[in-house]
Every structure is written in C-alpha cells, then in structure tokens.
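User: I am new to this model and would like to know what the labels used for it rest on. Please go through them one by one.

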Amino acid sequence: MSRRGAPVEPLVERRGPLDFPGGPGRSRRVIDPQAALRRILSGLAEQGPLSAERVPFGEALGRALAEELVSERALPPFDNAQMDGYALRAADARRPGARLPVAFVSAAGSSDLPPLPPGACARIYTGAPMPAGADSVEMQEEVERDGDLARFRRAAVAGRFVRRAGHDVAPGSAPLAAGSLVDAGAVGLAAALGRTELLVHRRPRVAILATGDELVPVYRSPGPGQIADSNSHMLAAAAREAGGEPFLLPLAGDSRAAIRRAVSAARGADLLVTTGGVSVGDRDLTREVLESMGTRLAFWKVAMRPGKPVAFGRWGRTGVFGLPGNPVSALVTFELFVRPAIRQLAGLTGPSRPELPARLAVPFEKDPALTYFVRARVRLARGALLAEPLATQSSGALTSATGFEALAVLPPGRSRLPRGSRISVVLLRPPREERG
Ligand code: AMP
Ligand code: MG
C-alpha cells in the first residue's frame with residue numbers, strides 16, 4: 001500500500017516552520033503540531049520513564065518492562081517430542097521399512113523413564129520427555145503398528161521432531177529486554193520462566209481538571225444554562241487507554257481562586273490536563289492562573305483544527321496541558337499530544353499510533369494556515385486505505401467524538417484537497433472491512 005502512493009511524511013517527524021499568511025510575527029506565536037509534539041516530548045524527557053515497581057504479572061499487562069528478564073531456567077526444560085509418534089535412534093532406521101520393538105511409553109508428564117534399549121523404539125506423545133539414547137521422533141502417520149512392533153515407512157533423521165532442552169531459552173539468557181511491552185505473550189514467557197511478578201515502570205498519574213461556570217458533575221441534572229461535565233470522564237477514559245492512571249480534580253468555576261484551588265490539588269501528579277478556559281475570552285483564565293502559579297509554558301497555540309488553543313508547560317515536575325473545552329477538540333488534542341506524553345513517561349517506546357498513507361474519499365475545504373485532524377471513517381479499498389471524513393466536523397458535537405477509525409491529517413498550504421488526494425491517517429482502530 002505504501003509502495004503505491006507517494007511516501008507520506010509521518011506526523012511526528014515532519015520538520016521545519018510553516019508558512020503563515022500572517023507573516024513571521026504570527027508564526028512565532030503559533031507553532032505547528034509536529035513542533036508542539038517535539039517540545040512536549042523533550043520537555044518531559046528527564047521525567048521519564050517513571051520509576052519502577054514490582055507487580056503481579058497480570059497487572060504488568062500493557063506496561064513497559066523495567067528489568068531485563070533473565071532466565072534461570074532452560075526452555076524447554078528437557079528434550080521432548082514435538083509430535084505424537086515414536087522415539088528412536090535414527091541409526092536404527094537408516095532405510096525405509098525398518099521394524100523396531102516398542103519398549104515402553106513416554107507420555108506428557110512421564111518421569112523416571114528407562115534408557116531406550118539399542119534396536120528398540122518408544123511410543124511417545126507431544127511434550128513427553130525423550131528417553132535417554134533416543135535422538136529422533138517419527139510422527140505416528142509415518143509408522144505402522146503391528147502388535148509390539150513399529151514399522152517405519154521412511155528413513156529416520158537424527159534430531160527430527162525433537163525439541164532440545166534450552167533451545168528456546170538458554171539458562172542465563174535474557175529473552176526480554178528492558179523496555180519491552182508486557183503483552184499477553186510476555187506474560188506467558190514470564191510464567192514459563194517461573195516469574196509471578198515483573199518489574200515495570202509506574203503508570204503516569206494524570207490529574208484531570210475541568211473548568212467552566214456552566215459545568216455540573218455528571219451525577220447532577222443540569223439547571224438552566226448548565227451542562228454536564230463530560231470532558232473529565234472522556235479524558236480520564238483516554239488517559240487510561242493510553243496507559244495512565246487518571247484522577248479527577250474537583251470542578252472549577254471560571255474564577256482565579258477556584259482554578260487555583262483545583263490546580264493545587266494536582267501537586268504530585270505526573271501530568272495535569274485541564275480542559276476549558278484556554279482561549280482568549282475574558283473568562284478564559286486557566287492559562288493565566290497556571291502561569292501565575294509558576295507553570296512555564298512552552299506554547300499555547302498550535303496551528304491546527306480542531307484545537308488551536310492548546311497549551312503545554314511544566315509546573316515543577318508536573319507536565320501541564322491546557323486543552324480546549326470543546327469536547328472534540330479536547331479529545332483530538334489529547335490523542336495527539338497527551339497520549340504520546342503518557343506513553344513516554346510510562347516507558348512505552350514506538351509510535352503512539354500507526355500513521356499510514358491513505359486517500360481522501362471526498363474533496364475537503366480548509367483554512368490553508370492550519371493542519372486539520374479530521375475525524376474519518378477508514379476502510380480498505382483494493383488494499384489501500386480510503387478516508388471518509390465524518391459529515392460533522394463541528395468540535396462541539398459529541399456524537400462525532402466516537403464512531404471513527406482515524407484522524408486524517410490534512411497538511412497546511414492548501415485550501416482545497418480534491419477527492420483522491422494523498423494524505424496520511426493516524427489510525428486509532430483497525431480499518432473497516434473492504435466492501436463486497
Ligand atoms: P471553553 O474552552 O471554556 O471556552 O469552552 C468551549 C466549549 O466547550 C463551551 O461550549 C463549553 O461549555 C464546553 N465545555 C467546556 N468544558 C467542558 C466540559 N468539561 N465538558 C463538556 N463541555 C465542556
Ligand atoms: Mg469555559
């Protein structure tokens with residue numbers, strides 16, 4: 001698929017300043033999304049990966065290993081059969097048609113087996129220990145039984161269908177490097193090595209703060225002019241999905257004192273994510289309060305839609321994100337900026353999401369000064385990804401906060417992208433199936 005289209009530059013590696021119609025003065029205040037992400041990740045570099053803790057391996061799932069997994073055992077621990085069949089000395093069946101008496105049976109779990117007498121074979125099952133002296137297993141499909149005799153249809157080959165002790169993991173070797181993702185297979189490997197606990201990096205603690213006089217907690221019915229605070233819960237879910245440990249701060253109204261009080265409760269968090277109050281309205285106090293409390297902001301405007309007002313800075317050891325209040329803007333900026341930060345702190349390496357080349361299914365009009373991150377349904381069409389923007393791109397429409405597979409990245413510099421344009425998509429979920 002990538003061979004067909006022109007190479008698409010990945011979001012995280014695109015470099016260089018953008019041309020803004022407003023001229024250089026404007027470009028200094030507004031940075032592009034790639035530069036924003038770079039500043040975030042370098043701004044948090046000394047914090048991460050976070051300290052390590054030893055946890056039962058079930059709780060280690062999805063986290064980054066903070067130790068090299070060194071094996072005290074051999075895997076497999078003993079020579080064993082790879083097939084149901086017969087164990088023998090290959091030298092005893094050099095030619096097809098050899099007949100050997102069946103001396104005994106080795107089943108899975110057998111112990112204290114006698115050595116295999118010369119000129120004999122043993123019935124053996126998958127995973128069962130090889131008797132001393134045997135060097136080959138023949139699968140039962142290639143053997144005819146005649147009472148106590150086994151007739152081997154073909155010549156035996158030494159080592160065939162034998163799993164040697166230590167072949168998979170030698171004692172003292174390190175089958176998993178520090179920094180590896182603990183996935184289901186890694187849990188299986190750790191269990192096979194007798195490990196019930198693993199040393200993994202701590203999950204980042206992510207404090208979430210919603211601001212706005214109109215907000216009421218979800219368990220209360222909104223009065224006139226009020227709405228439920230949905231962002232806190234949406235961002236907590238996104239933080240958890242990214243590998244963080246979210247906690248909600250009390251809602252703050254649009255007053256300096258209330259925001260200050262709520263932000264104070266975030267002390268000790270690895271990240272603080274605020275939503276609302278970062279644009280330029282009179283009541284948009286979040287940025288002002290954060291700065292007055294000592295947050296050093298690296299930027300507060302990114303040339304993107306949705307989400308132009310988005311701020312990042314450091315407050316002591318806490319990384320601070322000021323996300324917009326519009327739910328979709330909050331979700332998209334979280335996805336693009338906070339999720340990679342959580343992953344870096346958690347010690348998880350590799351891209352936050354795959355970014356792949358795709359084609360635009362319909363034409364799209366845009367502001368040429370901004371990178372657009374368009375919520376899009378993505379499907380495979382003749383092996384290539386086709387991105388179809390959701391009909392509503394309104395950043396307040398909560399129905400459009402779900403039900404899409406990707407963010408289609410529409411670069412700056414153009415005001416109209418025709419149908420079929422080569423773009424890239426940040427895939428959040430697998431694409432839909434190819435149609436008929
Ligand atoms: P703001 O960024 O504070 O100007 O808010 C922009 C829009 O997002 C307004 O319509 C707010 O009511 C809405 N909004 C802000 N915070 C939240 C929240 N926590 N949950 C749901 N909607 C919100
Ligand atoms: Mg507000």
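User: What makes the link between the side chain of His201 and the backbone oxygen of Leu50 a polar contact?

Analyst: The model is a predicted one, and in it the side chain of His201 comes to 2.7 Å from the backbone oxygen of Leu50. A polar contact asks for a pair of N or O atoms within 3.5 Å, so 2.7 Å meets that distance.

User: Why is His201 called buried?

Analyst: Buried means under 20% relative accessible area. His201 has 14%, so the word applies. The residue belongs to strand E10, residues 197-201. Beyond its neighbours within four places in sequence, His201 is in contact with Pro49, Leu50, Ser51 and Ala52, among others; the list also includes Arg63, Ala346 and Gly347.

User: Pro49 is in that list. What kind of peptide bond joins Gly48 and Pro49, and how do you know?

Analyst: The bond is cis, with omega at about -5°. Pro49 sits in the loop between helix H2 (33-43) and strand E1 (52-56). Another cis peptide bond joins Arg305 and Pro306, again with omega at about -5°. Pro306 is in the loop between strand E17 (304-305) and strand E18 (309-315).

User: Is Ser136 buried or exposed, and how do you know?

Analyst: Ser136 has a relative accessible area of 1%. The limit for buried is under 20%, so Ser136 counts as buried. It lies in strand E6, which covers residues 136-139.

User: What does the side chain of Ser136 reach?

Analyst: The side chain of Ser136 reaches the backbone oxygen of Val157 at 2.8 Å. With the cut-off for a polar contact at 3.5 Å, this distance falls within it. Leaving aside neighbours within four places in sequence, the residues in contact with Ser136 include Tyr86, Ala87, Leu88, Met130, Val157 and Val162.

User: Why is Asp84 called partly exposed?

Analyst: Partly exposed is the range between buried, under 20%, and exposed, over 50%. Asp84 has 31%, so it falls in between. Its place is the loop between strand E2 (80-81) and strand E3 (85-88).

User: Which residues far from Asp84 in sequence are in contact with it, and how far apart are Asp84 and Met139?

Analyst: Outside its neighbours within four places in sequence, Asp84 is in contact with Arg123, Ile124, Tyr125, Thr126, Glu138, Met139 and Gln140. Asp84 and Met139 are 55 residues apart in sequence, while their C-alpha atoms are 5.8 Å apart in space. A polar atom of the Asp84 side chain also lies 2.8 Å from the backbone nitrogen of Thr126.

User: What is noted about phi of Phe161 and of Arg382?

Analyst: Phi of Phe161 is near 60°, a positive value in a residue other than glycine. For Arg382, also not a glycine, phi is positive as well, near 50°. Phe161 is in the loop between strand E8 (149-152) and strand E9 (162-163), and Arg382 is in the loop between strand E22 (371-381) and strand E23 (384-389).

User: Which of the words buried and exposed applies to Phe161, and which to Arg382?

Analyst: Phe161 has 16% relative accessibility, which is under 20%, so it is buried. Arg382 has 68%, which is over 50%, so it is exposed.

User: Which residues come nearest to ligand 1, and what polar distances are there?

Analyst: Of the 15 residues around ligand 1, the nearest are Glu214, Asp229, Gly277, Gly325 and Asn326. An oxygen atom of ligand 1 is 2.5 Å from an N or O atom in the Glu214 side chain. A polar backbone atom of Gly325 is 3.0 Å from an oxygen atom of the ligand, and for a backbone N or O atom of Asn326 the distance is 3.2 Å. On its own, ligand 1 has 490 Å² of accessible area, and the protein covers 76% of it. The shell around the ligand has five nonpolar, seven polar and three charged residues.

User: How do you know how the protein compares with a compact globule?

Analyst: For 436 residues, a compact globule would have a radius of gyration near 22 Å, whereas the protein has 30 Å. Its C-alpha atoms fill a box of roughly 95 × 50 × 45 Å along the principal axes. The protein has eight helices and 26 strands, and 47% of its residues are buried.

Methods: Residues numbered from 1 in each chain as written. Chains lettered and ligands numbered in written order. Predicted model: local features only at pLDDT ≥ 70, side-chain atom pairs only at ≥ 80, totals over all residues. Heavy atoms only, no water. Helix = DSSP H or I, 4+ residues; strand = E, 2+ residues; numbered from the N terminus. Buried < 20%, exposed > 50% of the residue type's maximum accessible area, 1.4 Å probe, protein only. Polar contact = N/O pair within 3.5 Å; in protein donor to acceptor, adjacent residues only side chain to side chain. Contact = heavy atoms within 4.5 Å. Near = heavy atom within 4 Å. Areas by Shrake-Rupley, 256 points an atom, 1.4 Å probe, with all protein chains shown as cover. Nonpolar A, V, L, I, M, F, W, Y, C, P; charged D, E, K, R; others polar. Rg over C-alpha atoms; globule rule 2.2 N^0.38 Å.
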